[in-house]
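Biologist: Please take one part of this predicted model and examine it closely. I should like a connected account of a single annotated residue and of the elements around it.

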Amino acid sequence: MSLQYYERLSNKNKAYLWHPFTQMKDYNRSDPLIIERAEGVRLFDVQGNAYFDGFSSVWLNVHGHNIPELNKAITDQLGQLAHSTLLGMANVPAIELAEKLIQLAPSGLNKVFYSDSGATGVEIAIKMAFQYWHNQGCHQKKSFITMNQAYHGDTIGAVSVGAIPLYHDVFRPMLFPSHTIPYPYAYRHKDGAAGAKEATLTALRTLLETRSEEVAALIVEPIVQGASGIIVMPPGCLREMALLCRQYDVLFIADEVATGFGRTGAMFACDLEGVSPDLMVIGKGLTGGYLPVAATLATDEIYDAFYADYEEQKTFFHGHSFTGNPLGCAVAIASLKLFEERNLLTTVRTNASFVERKLHMLTERPHVGEIRQKGLMIGIELVRDKASREPYDWADRIGVRVTMRARELGLLTRPLGNVVVFIPPLASTSDELDAMLDILADSIIDVT
Ligand code: PLP
């Protein structure tokens, strides 16, 4: 591609696009990366440069890119039906996918409500939880419990149960209040994993003992808190939180948007601790990263609280234009078929062990504070001082600098503050992972 072509696109990009989670003043000073096509675990820019997709294009593309079976599922469906609504009617892929999801989901989840992004799926879970209690006359049960540094998406309801000050504080005046309990961040707790877990459970127990009659639900990113820096819960914590909610009659919402579909080594992170939530939100990897489909799964108990004569006014008045889109559902079915045919969960576990061994080479590096991993969700926390665990300053932009270096060397990822994220396609081969990790390690070594 000619330089003029790139420059023309670059100028139009800067003139017309406003990018998400991006300070445009910084962005417009840079040479933008403009992706044109993709193949397997690689993305190619308009100038023909190849990059490994080291973050599965924001944690979505579990099989990689341009997968013939997934492409075919979309084109086949396109010849049948591109869109029809779920308002009062159904379509074939939406029905077939719902059945499949119920078979795969933790036990007790028997109903599927579709939407089109993780945030809208969370929004639905929050509204369902609220109205579940309302429909039964428990009008006082209307607040939510969330965890410190939680991220559940960017719509107003999702931001209301979010707790990352940088993203959420500016909107606080327009949000509904939520109770926040500490997330068990073992590396930053003075008593490590045991102390962090105890602090979380004590805070939850105390809150439930005193306020459970006003709380509708607890919402949690199960096992791994993603956007806060890939922070892994100590074993048993999720299960005990779920048990406490049950004991105090508070709904348990699992936000599996990031952790679902094999990312942690199980189909859903809740499976790792045998947890059956009341509501579960899925998105991202659901369509193999191909099309925007999300879903909120609910138990019969929740569904039944809405099931009444119309005049009783218990209907769930919520929906989106693209709810249950047939193209999206068709590719999701094809993606789940690939999970089975290729035994992808076994591959994830093999790949995770490979990555864990290989990352050992970084443990002694002077600025590598902690390497956190669950399945193929990896976060490397960089610190200014390893002994004291003193963090880098925000202004050091250490994560950004490492990932920019990685980009120069041919690997794409996005940092979370001082945490370098590695979330490769689940289906990567060991050779591909090897090459990606070499670049990641070189980038950290070059910058720190
Ligand atoms: N929930 C979790 C745990 C997430 O990590 C994300 C996105 O990263 C979301 C919800 C929001 O999903 P979406 O970006 O599809 O709205």
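Modeller: Asp255 is a suitable centre for this account: the residue is buried, because 32 other C-beta atoms lie within 10 Å and the threshold for that class is 20 or more. The model is a predicted one. Asp255 is located in strand β10. Leaving aside residues up to four places away in sequence, Asp255 touches Val122, His152, Ile219, Val220, Glu221 and Val281.

The strand that carries Asp255 belongs to an open sheet of 7 strands with mixed pairing, arranged in the order β4-β12-β11-β10-β7-β5-β6. The edges of this sheet are β4 (109-115) and β6 (178-181), each of which pairs on one side only. On average, neighbouring strands of the sheet are turned by 20° against each other, direction ignored.

Within the sheet, β10 (residues 251-255) pairs with β7 (residues 215-220) in the parallel sense, over 4 bridges. One residue pair can be named here: Val220 has Ala254 as its bridge partner in β10. Val220 is also among the residues that Asp255 touches.

Two helices accompany this region. Helix α9 (residues 192-211) packs on the sheet and touches β5 (143-147), β6 and β7; the direction of α9 makes about 150° with that of β6. Helix α10 (residues 237-247) lies across β7 and β10, and α10 runs at about 170° to β7.

As for the annotation, an unreviewed UniProt entry lists Gly118, Ala119, Asp255, His320 and Ser321 under "binding site". These positions span 204 residues of sequence and are also spread in space, with up to 22.5 Å between C-alpha atoms.

Ser321, another residue in that UniProt list, offers a contrast in setting. Ser321 is placed in the loop between α11 (300-304) and α12 (326-341). Ser321 counts as exposed, because its 9 C-beta neighbours inside 10 Å satisfy the limit of 12 or fewer. The record thus places under one heading a residue that is buried, Asp255, and one that is exposed, Ser321.

Conventions: Residues numbered from 1 in each chain as written. Predicted model: local features only at pLDDT ≥ 70, side-chain atom pairs only at ≥ 80, totals over all residues. Pairing = 2+ DSSP bridges. Helix = DSSP H or I, 4+ residues; strand = E, 2+ residues; numbered from the N terminus. Axes fitted to C-alpha atoms, helices over the stretch in contact; angles between N-to-C directions. Contact = placed C-beta atoms within 7 Å. UniProt positions renumbered as here; feature names shortened; annotations may be inferred.
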